Amino acid sequence: MVDIISGLRSVSRVRQGLSAVRGQAESRERVMMLLGPFMFSVGTAAPDSVRHNARYGWPSQARVGVRPLLQWTGPEEESVSLDGTLYPHYKGGLGQIAALRELAGLGRPWLLVDGLGVVYGEFAITRVEEARRVYDRVGAPKRIDFHLQLEHAGEEA
């Protein structure tokens, strides 16, 4: 019985999170970045900074009497970090971070595209952090700082 109740709660949370994402489609804001169905824009969760890190394999090969030789082995890890601030009373509401957590909880990679049309590939959401600040009279935050960590999860083109 407990498993059924927790399963229903989980489905309810997924519906709430995805409904927040569906509500974004009605916005006419300029999209700064898309992560699957989630839109980052000035009116929603706008990133203040985007860090794109890529590592490439160049292991060292020891040689007798001369310096080691580096050998190219190909691309390695790739990650994207997004830091930003959202103001839920201004636009977007309180469900934005919950929607990101729900997308992360679905356990699949999402296509990452920026507002200029650059396709970064498929990324998994590996971390969602939030810091709520400046509360109103009823205890709702007026400012939420967030950090999102994405790891490349798709096949190489």
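Me: A salt bridge here is a side-chain nitrogen of Lys or Arg within 4 Å of a carboxyl oxygen of Asp or Glu. With that in hand, how far apart are N and O where the side chains of R132 and E130 meet?
Reply: Bear in mind that we're looking at a predicted model. R132 is partly exposed at 41% relative accessibility, and E130 is partly exposed too, at 28%. Their side chains meet in a salt bridge, and the N to O distance is 2.9 Å.

Me: Which residues do salt bridges with shared partners join into one network?
Reply: For scale, the structure holds eight salt bridges. Those that share partners tie three residues into one network: R55, E76 and E77.

Me: How many residues apart are E77 and R55 along the chain?
Reply: These two form a salt bridge, with the closest N and O atoms 3.0 Å apart. E77 sits in strand 6 and R55 in strand 3 (residues 46–57), and the pair links distant parts of the chain. Their separation in sequence is 22 residues.

Me: Is R55 buried or exposed?
Reply: The cut-off for exposed is over 50% relative accessible area, with partly exposed lying between that and 20%. E77, at 48%, is partly exposed. R55 comes out at 52%, so it counts as exposed.

Me: And which residue does E129 meet in a salt bridge?
Reply: E129 is partly exposed, with a relative accessible area of 36%. The other side chain is partly exposed as well, at 47%. The bridge has an N to O distance of 3.2 Å, and the partner is R127.

Me: Stepping back, in what order do the elements of the chain run from the N terminus?
Reply: There are two helices and nine strands in the chain. Starting at the N terminus, the order is α-β-β-β-β-β-β-α-β-β-β.

Me: Where in the chain is confidence lowest?
Reply: The chain as a whole has a mean pLDDT of 82, with 80% of its residues at 70 or more. Strand 5 (residues 69–70) has the highest confidence, at 94, while the lowest mean is 47. Over residues 1–17 the pLDDT is below 50, and that stretch has four contacts in the model beyond near neighbours in sequence. The element with the lowest confidence is helix 1 (residues 2–24).

Me: Which members of the largest nonpolar core touch the most other members?
Reply: Buried residues make up 31% of the 157 residues in the chain, and this core has 21 residues. At least two core residues each come from several elements, among them strand 1 (31–35), helix 2 (95–105) and strand 9 (141–152). The members touching the most others are L35, F40, I125, L148 and L150.

Me: Let's zoom in on L35: what is it in contact with, neighbours within four places in sequence aside?
Reply: L35 is one of the core residues that touch the most other members. Its contacts beyond those neighbours are F40, L103, W110, L111, L112, F123, I125, L148 and L150.

Me: Which residues in helix 2 are buried?
Reply: Helix 2 (95–105) supplies at least two residues of the largest nonpolar core. Just after this helix, G107 takes a positive phi of about 70°. The buried residues within helix 2 are Q96, I97, A99, L100, E102 and L103.

Me: Turning to the outside, which residues make the nonpolar surface patch of about 500 Å²?
Reply: The accessible surface of the chain is about 10,200 Å², and 54% of that belongs to carbon and sulfur atoms. L70, which is found in strand 5, is one of the residues in the patch. The full set is Y56, W58, L70 and W72.

Me: How far apart in space are M32 and A46, C-alpha to C-alpha?
Reply: M32 lies in strand 1 and is partly exposed, with a relative accessible area of 32%. Its contacts more than four places away in sequence include F40, A46, P47 and D114. M32 and A46 are 14 residues apart in sequence, and their C-alpha distance is 7.5 Å.

Me: Last one: what separates the C-alpha atoms of V118 and M33?
Reply: V118 lies in the loop between strand 7 and strand 8 and is partly exposed at 38% relative accessibility. Residues up to four places away aside, V118 touches L112 and V113. V118 and M33 are 85 residues apart along the chain, and their C-alpha atoms are separated by 9.4 Å.

Key: Residues numbered from 1 in each chain as written. Heavy atoms only, no water. pLDDT = per-residue confidence, 0-100. Helix = DSSP H or I, 4+ residues; strand = E, 2+ residues; numbered from the N terminus. Contact = heavy atoms within 4.5 Å. Core = buried A, V, L, I, M, F, W, Y, C linked by side-chain atoms within 4.5 Å. Buried < 20%, exposed > 50% of the residue type's maximum accessible area, 1.4 Å probe, protein only. Patch = residues over 30% accessible without salt bridge, like charges linked within 9 Å, V, L, I, M, F, W, Y side chains within 5 Å. Areas by Shrake-Rupley, 256 points an atom, 1.4 Å probe, with all protein chains shown as cover.
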